[in-house]
Amino acid sequence: MLTNDMVSRTGHVAGLAGQYAGEVDRTGTLGKEVVQALTAAGFPRHFVPAKWGGSDGTFTEMTRAAALIGRSCASTAWCATMFAYSARFSTHLPIEAQEEFWGNGPDTLWVTGLVPAGQAQAVEDGFVLNGRWSYVSGAQFAEWALLAGPRQGPAAAPPRFFAVPRADFTIEETWNTVGMRGTGSHTVVLSDVTVPAHRTVALAEVAAGANSTYDRPQHNVPLKAVGGLTCVAPVLGAAGGMLAAYVDLVAGKRAAAVPGGTAVNDLALARAAVELDSATFLVERVAAALDAGEARRHGVRNARDAAYVGQLLLGSAQELMRTAGTGGQDGAGPMQRHWRDISVGVSHAALRFERAATAFTDTAVKPRRPRTAVTTR
């Protein structure tokens with residue numbers, strides 16, 4: 001469960017995010033006040049080890065906190081999770097590097113370029129990086145970036161994560177989508193940047209959840225088991241916000257005695273409510289499995305459930321918009337914003353159900369043994 005302190009801090013952020021949600025959607029960026037509130041609430045330090053003054057927090061706490069903020073503004077919730085989970089990746093780096101970015105405190109703002117890109121040339125005691133990393137959420141506010149490279153190809157070296165301070169990269173503002181507009185998922189650009197060897201770690205180690213420095217469950221989770229949770233928590237929150245807005249819409253129609261009644265709205269509302277409850281159950285089961293140290297046992301199931309929740313909530317949002325009438329399309333209202341945010345959020349690779357379905361089927365369908373021929377004497 002969330003502690004009272006965390007509920008209080010997250011509630012404050014949710015309220016602030018709600019105040020700025022329209023402006024964030026219009027301008028395509030979070031305000032400094034919101035980012036400062038996320039930091040004060042403990043998101044950047046949530047997965048940072050206690051050794052550095054971090055919270056050593058749980059996946060369940062993070063999921064509930066992000067969903068609460070997502071009810072007000074999915075973009076804010078998305079950045080909150082990315083700051084937290086990027087720091088979790090960084091716990092795989094050598095202690096010497098951790099001293100650099102957490103030695104003076106645990107609230108460093110991290111972002112991640114997870115897809116291998118760019119070029120990495122090995123030099124004495126390190127690497128020289130060049131290239132572009134797209135879709136790096138929260139890039140404008142980053143103090144450090146954790147970038148995967150090099151770009152894969154027949155002769156490419158095994159990819160690594162490289163920790164790069166803000167002074168060593170520039171940002172191109174390339175993010176301009178119809179939803180999740182305030183995530184600032186822009187492009188990070190490096191030109192002849194030298195990264196010392198102690199600021200790197202093999203991507204395969206992080207993906208496998210094999211942390212050589214810390215033994216707590218949250219620091220030893222395979223990427224496939226947790227990736228979907230990172231993205232689906234803000235979407236879950238947006239779905240809750242959209243449902244609340246729909247309740248207000250139906251209440252208004254009932255009060256105005258709209259001709260023909262609200263039977264279609266009643267059906268849509270009841271269905272969306274049970275779908276949200278079902279989605280919440282599945283998401284919390286994913287988080288609970290990770291907190292219990294069962295990531296490897298339930299990794300494929302986690303990926304399947306998170307992706308399914310994304311599809312379930314997208315269908316629910318589409319039905320709410322279809323039945324809301326013109327009131328739901330009001331550009332100043334929250335319904336259409338939540339709908340756009342959900343639509344963009346579930347398009348993330350981590351929530352592609354077809355990928356999760358194939359992985360699940362690979363484990364569910366066991367290879368059949370060839371039949372032994374029967375001979376007749």
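## Arg181 and its setting in the chain

Of the 377 residues in the chain, 53% are buried (under 20% relative accessible area, with a 1.4 Å probe and protein chains only). This is a predicted model: local features need pLDDT of at least 70, side-chain atom pairs count only at pLDDT 80 or more, and totals for chains, interfaces and linings use all residues. Residues are numbered from 1 along each chain as its sequence is written, and side-chain values use heavy atoms, with hydrogens and water left out.

The chain has 11 helices and 8 strands. These are DSSP runs: H or I of at least four residues for helices, E of at least two for strands, numbered from the N terminus. The C-alpha trace spans about 85 × 75 × 40 Å along its principal axes.

Arg181 sits in the loop between strand 6 (170-172) and strand 7 (186-196). Arg181 is buried yet has no salt bridge (a side-chain nitrogen of Lys or Arg within 4 Å of a carboxyl oxygen of Asp or Glu). What does the side chain of Arg181 reach at 2.7 Å? It reaches the backbone oxygen of Asp25. The table lists distances from the side chain of Arg181.

| Partner | Distance |
|---|---|
| Backbone oxygen of Asp25 | 2.7 Å |
| Backbone oxygen of Thr177 | 2.8 Å |
| Asp25, nearest side chain of opposite charge | 4.2 Å |

Leaving out residues up to four places away in sequence, Arg181 touches Asp25, Arg26, Gly28, Thr29, Ser75, Trp175, Asn176, Arg340 and Asp341. Contact means heavy atoms within 4.5 Å. Across the chain, among contacts between residues at least 6 apart in sequence, 74% join residues at least 24 apart.

How values were computed: Buried means under 20% relative accessible area, exposed over 50%, partly exposed in between (1.4 Å probe, protein chains only). Lys and Arg count as positive and Asp and Glu as negative; His and the chain ends are not counted. A polar contact is a pair of N or O atoms within 3.5 Å; within protein, one must be able to donate a hydrogen and the other to accept it, and residues adjacent in sequence count only if both atoms are side-chain atoms.
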